[in-house]
Amino acid sequence: MKITVLMGGTSAERDVSLASGLRIGHALRESGHDVTLLDPARGVIDAAAAAAMERAGVMKPSPPALDALHRMSHTSLSPSLGTLPAVREADVVFLALHGGSGEDGTVQALLDMVGVRYTGSGHLASALAMDKDLSKTLFRAAGVPTADWMLARRTDAGAVTADDVDRRLGWPVVVKPSKQGSTVGLSIVRAPADLAASSQEASRYDDEVMIERFVPGRELTVSVLGDRALPVGEIFPVHEIYDYECKYTAGMAREEFPARLGPSESAELQRLALASFRALKLDGYARIDFRMTEAREYFCLEANTLPGMTPLSLLPQAAVAAGMDFGALCGRIVQLALEKPAAEASGGLR
């Protein structure tokens, strides 16, 4: 089967995407597929370039420098991506993009237009999940608990004051970009005097900043594959939160799959994960993150429609706990893409 792995791109999570894509490509080739690696920002990645990237340490992604992020954010996705032979001639495009236009529905809409099958959720669901304000609203509507929050737009400077936060949320709070991943631009604010600086930092990555009540407790995650919730995992980060460094640096976090929970607790988290998945109209696979308080209250943090596939990523670990190695996981994701109708094939340009 001809499979093109779309990886890299121009988001703040470019390095993570490259690491995921290289690993996915290797696994698919080992399964006998004809694989092409394609970076929409640079073009086709041949075997020599892929080997050089691995030697250079792409498999160990680092936090993005702000000036590099700004340069990447001004690079728009070219509409010509859908005309490339590597895309048009593929049986399936495996989306290994993370963040930005790769995960917010833009690439998905483009592939829908040209009638190409791709892995993961469609353009609407991807956009909903990327927008934390909208996704939390839908979680609440579906009966999935999520922490209280407020939203501040970059154009409304000073619209959300420390007094507003104190009255509606209390302290501490989490301040983060509303449409970003991998905890980029996120900080915990414990004192009113620090709110403005943290909001300004988050606003560098998005035009909307979410201010959310901080939920102390255990960090839990549930991956969904098809219509199945995989075993619950627990993360033990070195830092207070599971931030970029802890996610992608060996030794900065420890994970347990399955988590040490009672059967009823695991079942409830899996139920909430599936409810979240359906509330956002997700498809294929995703990862849903939670916090559990000492009082055994569950709060959904967010949904990740294209979770990482690096050696340290959580979805592959959940799959192993379910008896599925990485190659089988990639194969199942491809199978799920083939089981749904070709992306508006009858109306596409293919």
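**Close-up views of the predicted model**

**Figure 1. Overview of the protein chain.** The protein chain holds 14 helices and 14 strands. The coordinates are those of a predicted model. Of the 350 residues in the protein chain, 55% are buried. Among contacts with a separation of 6 or more, 69% are between residues 24 or more positions apart. The exposed surface of the protein chain comes to about 14800 Å², and 52% of it is supplied by carbon and sulfur atoms.

**Figure 2. Confidence along the protein chain.** Mean pLDDT is 87 for the protein chain, with 85% of residues at 70 or more. Two segments with pLDDT under 50 are shown here. One of these covers residues 65-76, where the model has 12 contacts beyond four places in sequence. Residues 344-350 also stay under 50 in pLDDT, and for them the model has 15 contacts beyond four places in sequence.

**Figure 3. Helix α7 and its cover.** Helix α7 spans residues 123-130, and its buried residues are Ala 125, Ser 126, Leu 128, Ala 129 and Met 130. The elements that cover these buried residues include three helices, α5 (100-103), α6 (106-114) and α8 (132-141). Strand β14 (298-304) is also among the elements that cover them. Residues three or four places apart in an α-helix point the same way, because there are 3.6 residues a turn.

**Figure 4. Surroundings of Ser 126.** Ser 126 is found in helix α7. Ser 126 counts as buried because its relative accessibility is 1%, and the cut-off for buried is under 20%. A polar atom of the Ser 126 side chain lies 3.4 Å from the backbone oxygen of Ser 121. Ser 121 is also one of the contacts of Ser 126 beyond four places in sequence. The others in that set are Glu 103, Asp 104, Gly 105, Gln 108 and Thr 305. Glu 103 falls within the residue range of α5, and Gln 108 within that of α6.

**Figure 5. Strand β9 and its pairing partners.** Strand β9 (residues 218-225) is mostly covered, with seven of its eight residues buried. On pairing with strand β13 (residues 285-292), β9 runs antiparallel and is joined by eight bridges. Strand β11 (residues 233-237) also pairs with β9 in the antiparallel sense, over three bridges. Thr 221 has a residue opposite it in both of these partners: Asp 289 in β13 and Gly 233 in β11. In a regular strand, side chains alternate between the two faces of the sheet.

**Figure 6. The β9-β10 hairpin.** Strands β9 and β10 (residues 228-229) run antiparallel and are joined by two bridges. In this pairing, Leu 225 stands opposite Arg 228 of β10. Two residues lie between the strands of the hairpin, and Gly 226 in the turn has a positive phi of about 70°.

**Figure 7. Ala 275 in helix α12.** Ala 275 is placed in helix α12, which covers residues 263-279. Beyond its neighbours within four places in sequence, Ala 275 is in contact with Ala 142 and Val 144. Ala 275 and Phe 139 are separated by 136 residues in sequence, while their C-alpha atoms are 8.1 Å apart. Phe 139 falls within the residue range of α8 (132-141), one of the helices that cover the buried residues of α7.

Notes
Residues are numbered from 1 along each chain as its sequence is written. This is a predicted model: local features need pLDDT of at least 70, side-chain atom pairs count only at pLDDT 80 or more; totals for chains, interfaces and linings use all residues. Side-chain values use heavy atoms; hydrogens and water are left out. Buried means under 20% relative accessible area, exposed over 50%, partly exposed in between (1.4 Å probe, protein chains only). Helices (H or I, at least four residues) and strands (E, at least two) are DSSP runs, numbered from the N terminus. Contact means heavy atoms within 4.5 Å. Two strands pair if DSSP finds at least two bridges between them. pLDDT is the predictor's confidence in each residue, from 0 to 100. A polar contact is a pair of N or O atoms within 3.5 Å; within protein, one must be able to donate a hydrogen and the other to accept it, and residues adjacent in sequence count only if both atoms are side-chain atoms. Accessible areas come from the Shrake-Rupley method with a 1.4 Å probe; for residues, only the protein chains shown count as cover.
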